[in-house]
Amino acid sequence: MRTIQSENITELVEELCIKSNCELPGDIYRFLTTGVPKEKSLLGREILYTLVKNADIARQGRDPICQDTGMTVVFVTMGQNVHVEGAFIEDAINEGVRRGYEKGYLRKSVVKDPLNRINTKDNTPAVIHYEMVPGDQFHIIVAPKGFGSENMSRLKMLKPSQGVQGIKDFVIQTVSEAGANPCPPIIVGVGIGGTMEKSALLGKKALLRPVGQINENTQLAELEAELLESINALGIGPAGFGGTTTAMSVHILTYATHIAGLPVSVNIGCHVTRHAEGEL
Amino acid sequence: MEDRIEMTTPFTDETIKKLNAGDMVYLSGTVYTARDAAHKKMCELLEKGESMPFDFTGAVIYYAGPCPAKPGRPIGSVGPTTSGRMDLYTPTLMKEGLRVMIGKGLRNQEVIDSIIRYSGVYFAAIGGAAALMGQSVENSEIIAFDELGTEAVRKLHVKNLPVIVAIDCKGNNIYEKGRAAFAHH
């Protein structure tokens, strides 16, 4: 049994909240810088160049890249031999969010309940996903999610007979209808299979894969490449002003499903798809 | 991108009519932030026959909720939010005299019709380029709905805020025009 102090979890979450919001992940930064000459629209190239400049300003000044510093999504991977001492793990994580959003001058965008909509003023509670694994590791990813892109995400329970074509149609339709709203160039996270909620979680997790990393499953890698080509043919372009760079990449995750079902979730990530990770 | 144009608020009928969808504009002067909650409140005030938190004549509304300001700075990162959520309220505010808006994303047909009817203009700022846009703000002051936190109405003084004419007073819009130019099947 390995013991971890809850205060260390809080400190790690605090640090990751600030880091994720101020430092654009290297894979996206590389995509934006190398993508400028490939974009066919002059205005589109100007937008991509502006996004790189914005990321530089944010990193140097430790300022939030985007003012929507998101609802804080936290992925915890915890070995079953780990014991947390001190506060309850959920409270420890939320305390880290509270401190990080205050110290980092990040925007507090969370309302206490969806109907009465009173701001909690500290960006808590976070949305926390726990995964138990063998061993004694403790790994955390903080992935703040802005709602410009979250609002354009969709889920559909397809019929098995709709198959791959049905998946393609749904993904393209979702991105097409989203247009400029999710701040393209986007990352398209696609979760296929499982149950309704499992597919949604897969779609979200798919956004964490680095841009440029090829899917190990050849069939999925081909489907991703085909979808990316179709999405970039939509013409939406950087910031939606027209162009050839609508998506940076398409990432698919799958899971076993039921004989009667084909759940598909499309989670759209903006050009500031943020995540930072750490271990204890 | 057709021209680089520099403009200073307040706007007039003449200045608005010169703008065409796709023009790049560097905006200086006063803009007021207002997003979801502030729009709801302004429309509730109008229903009760009460006055608006600022004079709409020639004024600019920026759909934005900034990050908190660091010590010694006027404001934190401040980029545009999705304008579509304000579509429900915009025709009412335009009827009251509002003519100029800054946000991101396409508007619905009712808003486009109002922009044509009242000869208004809708600018798009670059979503996500918020740290950069924060540097265009020289001054910020909360003038209404303080209790809304980031959603309060702020009077900003901006210098060379980069925006693009997204929908001009004739109803032309860059989103459809730009997309059609690069779509291929």
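## Two sheets, two domains and a partner chain

Let's start with a strand pair in chain A of this predicted model: β5(A) and β10(A) run antiparallel and are joined by four bridges. If you want a residue pair to find your bearings, look at A:I141, which sits opposite A:E277 in β10(A).

Now zoom out a little. This pair belongs to an open sheet of four strands in chain A, ordered β4-β2-β5-β10, with mixed pairing. Why do β4 and β10 of chain A each have one side without a neighbour in the sheet? Both β4 (127-133) and β10 (276-279) stand at the edges and have a single partner strand each, so one side of each stays free of a neighbour in the sheet. From one strand to the next, the twist averages 15°. Helix α1 of chain A, residues 6-22, lies across β2 (71-79), β5 and β10, and the helix runs at about 40° to β5(A).

Next, the other sheet. It is again open and four-stranded, with the order β6-β9-β7-β8 in chain A and mixed pairing. Here β6 (154-158) and β8 (247-257) of chain A are the edge strands; each has a single partner, so one side of each is left without a neighbour in the sheet. The twist here averages 15° between one strand and the next. Inside the sheet, β7 (residues 186-194) and β9 (residues 262-269) of chain A run antiparallel, with six bridges joining them. A:V190 is the one to click on if you want to see the pairing, as it stands opposite A:V266 in β9(A). Helix α6 of chain A, residues 163-178, packs on this sheet and touches β6, β7, β8 and β9. The direction of α6 makes about 30° with that of β9(A).

How does chain A divide into domains? Domain 1 takes in 2-20 + 65-145, while domain 2 covers 148-275. Their C-alpha centres lie 26 Å apart. Eleven residues from domain 1 of chain A and eight from domain 2 of chain A make up the contact. Which strand gives the most to the domain 1 side? That would be β5 of chain A (residues 138-145), with five residues, the strand we began with. By class, the domain 1 side that touches domain 2 in chain A has seven nonpolar, two polar and two charged residues.

Time to bring in chain B. Here 45 residues of chain A are in contact with 40 residues of chain B. On the chain B side, α5 (130-134) and α6 (174-182) each supply at least two residues, and α6(B) gives the most, with eight. The chain B side that touches chain A comprises 19 nonpolar, 17 polar and four charged residues.

Finally, look inside. The largest nonpolar core has 125 residues, and the members that touch the most others are A:V13, A:V188, B:F123 and B:A166. Strand β7 of chain B (residues 153-167) gives the most to this core, with nine residues. Domain 1 and domain 2 of chain A each contribute at least three residues as well. For a close-up, take A:V188: leaving aside neighbours within four places in sequence, this valine is in contact with A:V171, A:V175, A:I231, A:A247, A:V250, A:V266 and A:I268. One of these, A:V266, is the residue that stands opposite A:V190.

Technical notes. Residues are numbered from 1 along each chain as its sequence is written. Chains are lettered from A and ligands numbered from 1 in the order in which they are written. This is a predicted model: local features need pLDDT of at least 70, side-chain atom pairs count only at pLDDT 80 or more; totals for chains, interfaces and linings use all residues. Two strands pair if DSSP finds at least two bridges between them. Axes are lines fitted to C-alpha atoms, for helices over the stretch in contact, and angles run from 0 to 180 degrees between N-to-C directions. Two residues are in contact if their C-beta atoms, placed from the backbone, lie within 7 Å. Domain bounds come from an automatic or database domain assignment. Ala, Val, Leu, Ile, Met, Phe, Trp, Tyr, Cys and Pro count as nonpolar, Asp, Glu, Lys and Arg as charged, and the others, Gly among them, as polar. A nonpolar core is a set of buried Ala, Val, Leu, Ile, Met, Phe, Trp, Tyr and Cys residues joined through C-beta atoms within 7 Å. A residue is buried if 20 or more other C-beta atoms lie within 10 Å of its own, exposed if 12 or fewer, and partly exposed in between; C-beta atoms are placed from the backbone.
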